[in-house]
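Trainee: Could you take me through one part of this model up close? I'd like to see how two helices meet, and then what lies around them.

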Amino acid sequence: MFHLTRKQLIGVGIFLFAIFVGVPLIIGATGRWDFYFTLTSVALLSIASAGVWLTFYIGRINIGQGAFALIGAYVSAILVVKAGWSFWLSLPAAGLFAALVAVVIGIPILRLRGVYFAMITLVLTQVVTLTALALPITNGARGMSSIPLPSGVSLFGIPILPDFASMANTKLAFYYTACVLMIVTYAALYRLVNSRLGHLCRSMQQNEELASSVGVNIAYIRVVIFAISSFFGGIGGAMFGSIAQSVYPSSFQVVDSVNFMLNCFLGGLGYVFGPMLGTLVLYFGWDLLFEFQQYQLLIYSTLLIIIIRFLPNGLLSLRAYKGRDK
Amino acid sequence: MEQILANGVYLGSQYAMIALGLTLIFALMNVLNFAHGQMYVIGGFVTYTFYGQLGVPFVVALAMSCITLVILGALIEKLLFAPVIKGSAREESTMLLAAGIAFFLDAVILLVFGEKQRGVPKIIDGVFNYDFRLIMPYDRILICALAILSIIAFIALMQYTKTGRALRALAQDRVAAQLMGVNVDRYSTIGFALGAMLAGLVGGLLVTITGMNLGMGGPTSIKAFMMVMIGGAGVISGAIWGGIILGFMEAIGLAVLSQYGDITYLLIFVSLMIFLAIRPQGLMGKPWG
């Protein structure tokens, strides 16, 4: 189904081993339990970034993922708190709702291109934040707090997922959940990119008119891609709200939308795993620089500028350089 | 009603200046300058330092704001944007750079000026009062007049000088301009510096009325993006229209909708999205920018 070469299979194996066995061992040995939260956040943010990357794949700059993450977080929180749903049911519901919103909004705004699309999605983030402040169901600026932890799931009496509230170490549980979600997301993304739909997306990235003239239904594909992208955003946001056990209108702001986009740029737009690497570097780097106190932002932004100045095509383009030299 | 219109003119003239700088940079280099709001804040803080702290005359302080931003803008273009535009496979990589610069300027502002709200003494006292129907402090009228004057000066510069002609040629077609002997690199730098200067000038003007703080950068950038979208990206008349329209919408919204809470901006955003769905290139823009 994935047509991986042996080398790629080994790489994936090492990666899976590292995140499921290696990281807990290292954290256990060093005692830096706070890294679990950092890495969980990285995993979830990279799910949302994967969505942004997908919209890049059809040649659109998406700075609106924060909006869909916020929608997902609110939908899940409202379903769990007010309707009493299980979190595991509310998670796909949050993704689907975000995708539905994306279809409704996407049909008009996906006609825009380039900078116009970038700016309107940026504005969209602001609209969702303001809507969350104005609507009664979202509790306005007070937000939704003390959301219960995900409950257990059992099928025919056999427990499938444990009850998070009764667990001694929810950090580890959340870490594993986030990692599994991230891997499923990127596997889906990889499959999508290497499918017929992926080919059509690449044709749109290069020239929409030409693609349309040879019979690609561009209006349909761009809405579908935008919906999938927002689905990822909604899932990431919903899971984030569940871990933080609270959602506020300020949970995902314009800055977060910009960061999602930066993750993709930094990792490299030509590589499926770019956004994952970009998120890891940006978020982990930001966390590590915490030691520098008030100079944190200065050092962080300086490094960011230096990276883009000397590697304008993203971190993974280093590999491409090496390939060219041979 | 008169009051609302006057507020609209006042807000619109300042917004138009911010949008002009952003649209100029966009037209010349296809760069969406995320750091525009931060440049505006820096302009405000420079005027605050010279006028508020050191007691230099206001006009000199304003000039210092412009000079600082011209130098800053020229350096940013020369050292960062120009090489990145040349080296990147996709034009959009400049967005990452612009966002990085926005973070960087935020960090610099935080370290140099702190995070407190800063204000300066009033330039002139007194309030213009027309039969209690139209009330406007004199300093606001002065700032509004200065802003309109600057806009006129900017348009004159673009229309009647050699630099302006070169910049317009560059905005229309970069390659053609180069073939006609325009020094493209040099005028890109000049254009970027000019755009940054406009942001600094508005900052310097507005610090006398609203004051300045660190957090104003981001929201200002978003407002500037909205104005540029209303008018059409990269078109000078569009930026002015966008600024005026947003200014009036805000003035009317704040007056009419104040009893419903803070929904003015929500309505502006929603109507903007509907407007763009009907006319994607804005009022004056070329299709697909």
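Mentor: Sure, let's start with a contact inside chain B. On one side, His36(B), Gly37(B), Gln38(B), Tyr40(B) and Val41(B) come from helix 2 of chain B, and they meet Gly217(B), Gly218(B), Pro219(B), Thr220(B), Ser221(B) and Ala224(B) from helix 9 of chain B. Sort the residues of that contact by type and you get 4 nonpolar, 7 polar and no charged. Keep in mind that this is a predicted model.

Now look at how the two helices are set. Helix 2 of chain B covers residues 36-53 and helix 9 of chain B covers residues 217-231; they pack at an angle of about 125°, and their axes are 7 Å apart. An angle over 115 but not over 145 degrees falls in the oblique range, so helix 2 and helix 9 of chain B are oblique to each other. The crossing of helix 2 past helix 9 in chain B is right-handed.

Just before helix 2, have a look at Asn30(B), which sits in the loop between helix 1 (2-29) and helix 2 of chain B. Asn30(B) isn't a glycine, yet it has a positive phi of about 60°. It has 18 other C-beta atoms within 10 Å, so it counts as partly exposed; for buried, the count would have to be 20 or more.

Helix 9 of chain B also takes us to the other chain. In the contact between the chains, 42 residues of chain B touch 37 residues of chain A. Helix 9 is one of the helices of chain B that each supply at least two residues to that side, along with helix 3 (58-87), helix 4 (93-113) and helix 11 (264-278). The most comes from helix 4 of chain B, with 14 residues. By type, the chain B side that touches chain A splits into 33 nonpolar, 6 polar and 3 charged.

To see the contact from across the way, pick Leu297(A), in helix 12 (residues 296-310) of chain A. Leu297(A) touches Phe103(B), Asp106(B), Ala107(B) and Leu110(B). Leu297(A) is partly exposed, with 18 other C-beta atoms within 10 Å.

One last stop, back in chain B: helix 8, residues 184-206. Its 23 residues reach 33 Å from first C-alpha to last, close to the 33 Å expected at 1.5 Å a residue. In helix 8 of chain B, 20 of the 23 residues are buried, so this helix is largely enclosed by the rest of the structure.

Conventions. Residues numbered from 1 in each chain as written. Chains lettered and ligands numbered in written order. Predicted model: local features only at pLDDT ≥ 70, side-chain atom pairs only at ≥ 80, totals over all residues. Axes fitted to C-alpha atoms, helices over the stretch in contact; angles between N-to-C directions. Helix = DSSP H or I, 4+ residues; strand = E, 2+ residues; numbered from the N terminus. Parallel < 35°, antiparallel > 145°, perpendicular 65-115°, else oblique. Left-handed = near helix turned anticlockwise from the far one by under 90°. Contact = placed C-beta atoms within 7 Å. Nonpolar A, V, L, I, M, F, W, Y, C, P; charged D, E, K, R; others polar. Expected span 1.5 Å × (residues − 1). Buried ≥ 20, exposed ≤ 12 C-beta atoms within 10 Å, placed from the backbone. Lists of a residue's contacts leave out its neighbours within four places in sequence.
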